[in-house]
Amino acid sequence: MRVVSGMRPTGKLHLGHYIGVIKNWLDLQNRYECFYFVADWHALTTKFDEHIDLRKYSIELLKEWIACGIDPEKSNLYIQSDIKEHAELYLVLNMITPVSWLERNPTYKDAMLQEEYKKKNNAGFLTYPVLQTADIILYDADLVPIGEDQKPHLELAREIVRHFHFLYKSEVFKEPKELLTEIPRLPGLDGRKMSKSFNNAIYLDESDKEIWEKVRKAKTDPARIKKTDPGHPEVCIVFEYHKAFSSPEEVKEIETACKEGSIGCVECKKRCAANIKKVVEPIREKKESLTDDYILDIINEGNKKAKEIASSKMNEVNKIIF
Ligand code: TRP
Ligand code: SF4
């Protein structure tokens with residue numbers, strides 16, 4: 001079974017990415033043939049006007065994946081824009097995809113309600129899921145690990161595959177299936193969605209001091225004013241972090257102590273920060289030890305393998321069409 005997934009290089013990874021995406025990738029690389037790529041063309045669909053150094057961002061992202069334990073010996077790592085077949089297949093798929101399918105895509109409709117995207121309104125943004133489809137079916141992916149919000153994109157991918165097969169009377173592609181993680185989304189420290197724009201995230205390269213400063217200010221159960229006030233861990237953000245980073249025994253212990261008012265929030269937060277540090281510190285250190293040259297070698301290797309598969313698939317496709 002082959003797994004394909006990508007991530008856009010739009011900035012540093014935070015704990016939400018680690019818990020929600022990377023940990024899942026780590027598990028998958030031990031069970032399947034995994035193709036993980038940096039979706040830099042996809043980053044352009046929203047950032048074309050920001051003139052960021054995308055190659056630098058891509059290298060940083062690869063460093064973070066590898067620092068987290070993504071193993072280039074097990075997983076194939078490459079960069080989308082280095083494999084031109086993604087663009088070639090994207091073009092072909094755009095020819096057969098009705099605009100109405102894209103306009104009713106929920107992620108597109110949601111984005112168009114936001115001023116920021118509405119005013120850009122670029123064609124590439126509308127066709128984002130078509131490029132994503134190309135990313136996936138170029139490699140005959142069986143499984144695609146994604147978040148809940150990306151489910152409509154996988155449905156579209158299957159529709160596009162079936163439509164191509166119907167139009168060209170050939171079964172050249174595989175219909176991909178999504179692989180949803182059961183892990184609930186880790187909230188930001190203020191209880192809102194974790195996001196750079198809300199400044200409520202802890203990043204994988206932050207120092208122990210920065211981690212503590214952020215956890216210290218996290219929102220807790222407002223009912224707890226004195227240490228002896230009985231608390232409600234289920235409404236507390238810090239408790240969500242304990243569930244993600246502390247051992248099951250410690251989580252149980254914290255839960256009981258909070259409910260009976262025998263632990264103060266400051267102590268609870270200190271223990272939480274300590275457990276986050278235990279995860280972040282080795283990642284931070286590993287990342288610092290990785291050189292750009294090492295990453296460029298990894299990219300070269302990964303690109304080579306990706307290119308081989310992608311170009312052979314594109315040959316088949318072109319034979320069918322022309
Ligand atoms: N759209 C995905 C996201 O924002 C990134 C992505 C691009 C992707 N191409 C993909 C994910 C192909 C899975 C498969 O998270
Ligand atoms: Fe939250 Fe811990 Fe305070 Fe309970 S003791 S409210 S879990 S920070």
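Hi everyone. Let me start with a term: a polar contact is a pair of N or O atoms within 3.5 Å, and within protein one must be able to donate a hydrogen and the other to accept it. Keep that in mind, since I'll use it for the domain interface. One caution: what you see here is a predicted model.

The assignment splits the protein into domain 1, residues 2–186 plus 292–321, and domain 2, residues 196–286. Their centres, taken over C-alpha atoms, lie 33 Å apart.

So what happens where they meet? On the domain 1 side, 13 residues are in contact with 15 residues of domain 2. Between them the two domains bury about 1300 Å², with 72% of that on carbon and sulfur atoms. In domain 1, Lys12, Leu15 and Leu186 lose the most area to domain 2, together 41% of what that side buries.

Now back to polar contacts: 4 residue pairs make them between domain 1 and domain 2, counting pairs with both residues at pLDDT 80 or more. Two helices, α1 (15–29) and α3 (54–68), each supply at least two residues of the domain 1 side, and α3 gives the largest share, 4 residues. There is also 1 salt bridge across the interface. As for Lys12, its side chain meets that of Asp205 in a salt bridge, at 3.4 Å from N to O.

Finally, the packing. The largest nonpolar core has 55 residues, and Leu15, Tyr36, Trp65, Tyr241 and Ile276 have the most contacts inside it. This core draws at least three residues from each domain. Leaving aside neighbours within four places in sequence, Ile276 touches Leu15, Ile202, Ile211, Val215, Tyr241 and Phe245. A second, separate core of 37 residues includes Trp101, Ile136, Phe173 and Val317. Thanks, everyone!

Terms used
Residues are numbered from 1 along each chain as its sequence is written. Chains are lettered from A and ligands numbered from 1 in the order in which they are written. This is a predicted model: local features need pLDDT of at least 70, side-chain atom pairs count only at pLDDT 80 or more; totals for chains, interfaces and linings use all residues. Side-chain values use heavy atoms; hydrogens and water are left out. A nonpolar core is a set of buried Ala, Val, Leu, Ile, Met, Phe, Trp, Tyr and Cys residues joined through side-chain atoms within 4.5 Å. Buried means under 20% relative accessible area, exposed over 50%, partly exposed in between (1.4 Å probe, protein chains only). Domain bounds come from an automatic or database domain assignment. Contact means heavy atoms within 4.5 Å. Buried area is the accessible area (1.4 Å probe) that two parts lose on being put together, summed over both. A salt bridge is a side-chain nitrogen of Lys or Arg within 4 Å of a carboxyl oxygen of Asp or Glu. A polar contact is a pair of N or O atoms within 3.5 Å; within protein, one must be able to donate a hydrogen and the other to accept it, and residues adjacent in sequence count only if both atoms are side-chain atoms.
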